[in-house]
Amino acid sequence: MRIGLAAVAVIIPLVACPASAAPSFLGYTGVLATPNTALVGEDSVDLAIHNVPNADFFRNGASLTPFTASFGLADNVELTAGLFAVENGGDDEFTFHLKYGILSEPEDEVSLAVGLVDILEELGDSVPLYLALGKDLGSDLQANGPVPVTIGLLFADDPGLLMGDEDVDEVQFFASVTGDVNEHVTLMAEVLEEEFNWGARFNVTDDVHIDVGSIFDEFMWGVSYHTML
């Protein structure tokens, strides 16, 4: 955990311009695997494909490819549908996630969101509930752009894909930070209990993003596209 938090802190001085929100590995707006308080936006959709060639944290020997679509049902409501294609590890899975924004910046001092993951219980044996608290530290750090930092709690008997270790507590802590090196490269880091995930988001355009990184010590890549409905 200490190593992960230290690595998260390294990103902060690199920020040079605003970071953009995009879908995470599981589809909901977030960082790598963890959610943040950002939402896709009303009448908008994020379409994404990610892949982990060796997803042993999910099923031994499996290659996992989530195809996800996150819809902005309102400014503060996001619904994600996902098809999780599994190779060499059993059946494909289909599930939904739901996120609700309670507070948002700059109207409020902090941002706050609550969400449900895997409503159909296809990726684990429970429906994880999370609380995410966010704060833009850009002004406090006198950075040239926002420095979105998120801390949160995940409540679940079996969090499934959200945790690489099946032997976990019913309440897990997570934290993340993102920062733009320039207008085309965003660095990302997050901790989930003892796990540390890291990566980079390449902003091809304002609406097209390519992700590469490591989740649960396994290589991951992804491509996402944001559009209005």
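This briefing walks through salt bridges, aromatic pairs, a pocket and some backbone details of the structure above.

The model is predicted, so please read each value as computed from it. The structure has three salt bridges and three aromatic pairs. The largest pocket has a volume of about 700 Å³. A few residues, such as Phe216 and Glu105, turn up under two topics, and they are worth keeping in view as you turn the model.

**Salt bridges**

- Let's start with Arg59, which forms a salt bridge with Glu93; their closest N and O atoms are 2.6 Å apart.
- Arg59 sits in the loop between β1 (44-51) and β2 (63-74), while Glu93 belongs to strand β4 (residues 93-103), so this pair ties together parts that are 34 residues apart in sequence.
- The two partners fall on either side of the 20% cut-off for buried residues: Arg59 is partly exposed, with a relative accessible area of 21%, whereas Glu93 is buried at 10% relative accessibility.
- Another salt bridge joins the side chains of Lys135 and Glu105, with an N to O distance of 3.8 Å.
- Because Lys135 lies in strand β6 (residues 129-136) and Glu105 in the loop between β4 and β5 (111-116), this bridge ties together parts 30 residues apart in sequence.
- Lys135 counts as partly exposed at 29% relative accessibility, and Glu105 is also partly exposed, with a relative accessible area of 29%.
- Asp211 and Arg201 meet through their side chains in a salt bridge as well, at 2.9 Å from N to O.
- This pair links distant parts of the chain, with Asp211 in strand β11 (residues 208-215) and Arg201 in strand β10 (residues 195-203), 10 residues apart.
- Both Asp211 and Arg201 are buried.

**Aromatic pairs**

- Among the three aromatic pairs, Phe57 and Phe216 form a tilted one, 4.8 Å from centre to centre and with 55 degrees between the planes.
- The Phe57 and Phe216 pair links distant parts of the chain: Phe57 is in the loop between β1 and β2, Phe216 is in the loop between β11 and β12, and 159 residues separate them.
- Phe57 and Phe216 are both buried.
- Phe94 and Phe96 form an edge-to-face pair, with 5.3 Å between the centres and 85 degrees between the planes.
- Phe94 is partly exposed at 42% relative accessibility, and Phe96 is partly exposed at 28%.

**The largest pocket**

- If you are looking for open space, the largest pocket has a volume of about 700 Å³.
- Its lining comprises 31 residues, and those nearest the centre of the pocket are Ala21, Thr37, Ala38, Leu39 and Pro148.
- Strands β4, β6, β7 (148-155) and β8 (171-182) each contribute at least two residues to the lining of the largest pocket.
- By class, this lining has 13 nonpolar, 13 polar and five charged residues.

**Backbone details**

- The peptide bond from Glu105 to Pro106 is cis, with omega near 5 degrees.
- Pro106 is placed in the loop between β4 and β5, and Glu105 on the other side of that bond is the salt-bridge partner of Lys135.
- Asp43 is not a glycine, yet its phi is positive, at about 60 degrees.
- You will find Asp43 in the loop between α1 (2-11) and β1, where it is partly exposed with a relative accessible area of 43%.
- Phe216 is not a glycine either, and it has a positive phi of about 50 degrees.
- Phe216 is found in the loop between β11 and β12 (218-228) and is buried, with a relative accessible area of 7%; this residue is also the ring partner of Phe57.

**Around His209**

- His209 is found in strand β11 and is buried, with a relative accessible area of 3%.
- The side chain of His209 makes a polar contact with the side chain of Asn203 at 2.9 Å.
- A polar atom of the His209 side chain also lies 3.5 Å from the backbone oxygen of Asp206.

Notes. Residues numbered from 1 in each chain as written. Predicted model: local features only at pLDDT ≥ 70, side-chain atom pairs only at ≥ 80, totals over all residues. Heavy atoms only, no water. Salt bridge = Lys/Arg side-chain N within 4 Å of Asp/Glu carboxyl O. Helix = DSSP H or I, 4+ residues; strand = E, 2+ residues; numbered from the N terminus. Buried < 20%, exposed > 50% of the residue type's maximum accessible area, 1.4 Å probe, protein only. 1 Å grid on protein atoms, 1.4 Å probe; cavity = no way out; pocket = protein on both sides within 12 Å on 5 of 7 lines; lining within 4 Å. Points joined across faces, edges and corners; volume = space filled by probe spheres on them. Nonpolar A, V, L, I, M, F, W, Y, C, P; charged D, E, K, R; others polar. Polar contact = N/O pair within 3.5 Å; in protein donor to acceptor, adjacent residues only side chain to side chain. Phe/Tyr/Trp six-rings, centres within 6.5 Å; stacked < 30°, edge-to-face > 60°.
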